[in-house]
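Here is an informal walk through one structure, going from aromatic rings to sheets and then to helix packing. Have the viewer open and follow along.

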Amino acid sequence: MKKQGSLLLALLLVTVLVLSACGKKEETTAPAAGGAAAPQAPTASTVRIGIFKNVTHAAGYVALEQGLFQKAWGDKVKIEVVGFDNGSDFSTALATDQIDLGYTGPGPATNQFVKSKNFRIVSGSTNGGAVLVAAKDSGITSPKDLLGKTVAIPTKGSTNEISLRLLLQQNNLKITTDKTGVNIIARAPADTMVAMRQKEIDATLVPEPWGTQMEQEGVGKIIVDWDKIPPNNGNYPLTLLAVSDKFLKDHREMTKQAIKANAEAVDFIKKNPDKSYELINNRLKALSGKGMEINLIKASLGRFSLTTDVSKEAIEEMAKVSIDAGYIKDVKKEELDLSKFVDLTLLNEVKAGK
């Protein structure tokens, strides 16, 4: 009887333990209605950030150098920075899942979006920042003097080319390959100074710091400063923060934190310009293998405005120029719809402190 009693007691204890275990499992998988917090969105283990190798991407440089993205996402997230020489390569990389987010210009980004429709603009970073430079002995003193001349832009379809086309329109100049108009050719900004010295080109519309550098070295002279370049006399988006739809969908909160990091970098540069020069130079060294004189960086930062605001109207105006130029195909200007391209929902939340 004693042996049977012990056996019954043991069975009773096992039953209680099993029932308790079942109760605990049920609580974790089926929380009480209205009482449990929603599960957090998954965090990416690696984020690939694209950025250009020029000073107009200053906010991105400072955000990286200050560790603002890392602080926002946490130490478990690995950040890979991918450098680009132009917006066409960047936009293709973003559309084909080679990078997750980063900084680019509106021209190439719009051209690519119309084809792929799988990424969007979520914040501004830099407005303006491009200048028209004429060769020292070219005799060019105003845009009207570009008649019969050859003008370089960084890449075909770039934001700088769009600005140049608008500038030529304002001065009633047409684009041709002979002396009856203006001949436009593409030259990488790093090669433009050599092309100007060798008289291959007469002028160039380039982003900073290239224009300032040409002027400081006596190769060229700025004849249209950044605040007179169309559209809107320099008040147009030159550098924007873009993100793939896939990353935005899977990591919405991380995207929001990236927008916040960019805004913090913009604010830091405005309040601490002297401290920012070295940070910008450090990132230039990391991306291109060589730095830049601090006085050149300082002069360059004086030729653009830092802002998270985005003018949808300016982007639409530039897109229509791209349609006329044949960079955006199979779309009529009156049918152009960029409502999903510029999505400032998260930016507005950041501004509202949400």
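## Rings, sheets and helices

Phe52, Phe84 and Phe90 are linked into a cluster by ring pairs. Before going further, keep in mind that this is a predicted model.

### The aromatic pairs

How many aromatic pairs does the structure hold? The count is six. One of them joins phenylalanine 52 and phenylalanine 90, and it is edge-to-face. Phenylalanine 52 sits in strand 1 (residues 46-52) while phenylalanine 90 sits in helix 4 (residues 87-95), so this pair ties together parts that are 38 residues apart in sequence. Are these two rings buried or exposed? Both phenylalanine 52 and phenylalanine 90 are buried.

Phenylalanine 113 and phenylalanine 119 make another pair, and with ring planes at 80 degrees it counts as edge-to-face because the planes are over 60 degrees apart. Phenylalanine 113 has a relative accessible area of 5%, so it is buried. For phenylalanine 119 the relative accessible area is 1%, so that residue is buried too.

Here are the two pairs in table form.

| Ring pair | Centre to centre | Angle between planes |
|---|---|---|
| Phenylalanine 52 and phenylalanine 90 | 6.2 Å | 70 degrees |
| Phenylalanine 113 and phenylalanine 119 | 6.2 Å | 80 degrees |

### The six-stranded sheet

Now for the sheets. One is an open sheet of six strands in the order 2-1-3-10-4-11, and its pairing is mixed. At its edges are strand 2 (78-84) and strand 11 (304-306), each of which pairs on one side only. On average, and with direction ignored, neighbouring strands here are turned by 25 degrees against each other.

Within this sheet, strand 4 (residues 119-128) and strand 10 (residues 237-244) run antiparallel and are joined by seven bridges. If you want a spot to click on, isoleucine 121 has alanine 242 in strand 10 as its bridge partner.

Which helix lies across this sheet? Helix 10 (residues 252-271) does, crossing strand 1, strand 3 (101-104), strand 4, strand 10 and strand 11. Its direction is at about 0 degrees to strand 4.

### The five-stranded sheet

There is also an open sheet of five strands, with the order 7-6-8-5-9 and again a mixed pairing. Strand 7 (183-186) and strand 9 (220-224) are at the edges with a single partner strand each, so one side of each has no neighbour in the sheet. From one strand to the next, the twist averages 30 degrees.

Strand 6 (residues 150-153) and strand 7 run parallel, with four bridges joining them. Threonine 150 is matched with asparagine 183 in strand 7 as its bridge partner. On the other flank, strand 5 and strand 9 pair in the antiparallel sense, also over four bridges. There, valine 133 finds its bridge partner in isoleucine 222 of strand 9. Strand 9 is an edge strand, but four of its five residues are buried, so to speak of it as mostly covered is fair.

Two helices are worth showing together with this sheet. Helix 6 (residues 159-170) lies across strand 5 (130-135), strand 6, strand 7, strand 8 (203-207) and strand 9, and runs at about 130 degrees to strand 8. Helix 7 (residues 189-197) packs on the sheet as well, touching strand 5, strand 8 and strand 9. Its direction makes about 165 degrees with that of strand 8.

### Helix against helix

Two packed helices are described by the angle between their axes and the distance between the axes. Helix 2 (residues 58-65) and helix 11 (residues 273-288) pack at an angle of about 90 degrees, their axes 9 Å apart. That angle falls in the range of 65 to 115 degrees, so the two helices are roughly perpendicular. From helix 2, the contact uses Ala58, Tyr61, Val62, Leu64 and Glu65. These meet helix 11 residues that include Ser276, Leu279 and Leu287. By class, the contact of helix 2 with helix 11 has eight nonpolar, two polar and two charged residues.

How are helix 10 and helix 11 arranged, and what makes up their contact? Their axes come within 6 Å and cross at roughly 120 degrees, and the helices are therefore oblique to each other. Helix 10 brings Phe268, Ile269, Lys270 and Lys271, and helix 11 brings Pro273, Lys275, Ser276 and Leu279. This contact divides into four nonpolar, one polar and three charged residues.

Key
Residues numbered from 1 in each chain as written. Predicted model: local features only at pLDDT ≥ 70, side-chain atom pairs only at ≥ 80, totals over all residues. Heavy atoms only, no water. Axes fitted to C-alpha atoms, helices over the stretch in contact; angles between N-to-C directions. Parallel < 35°, antiparallel > 145°, perpendicular 65-115°, else oblique. Contact = heavy atoms within 4.5 Å. Nonpolar A, V, L, I, M, F, W, Y, C, P; charged D, E, K, R; others polar. Phe/Tyr/Trp six-rings, centres within 6.5 Å; stacked < 30°, edge-to-face > 60°. Buried < 20%, exposed > 50% of the residue type's maximum accessible area, 1.4 Å probe, protein only. Pairing = 2+ DSSP bridges.
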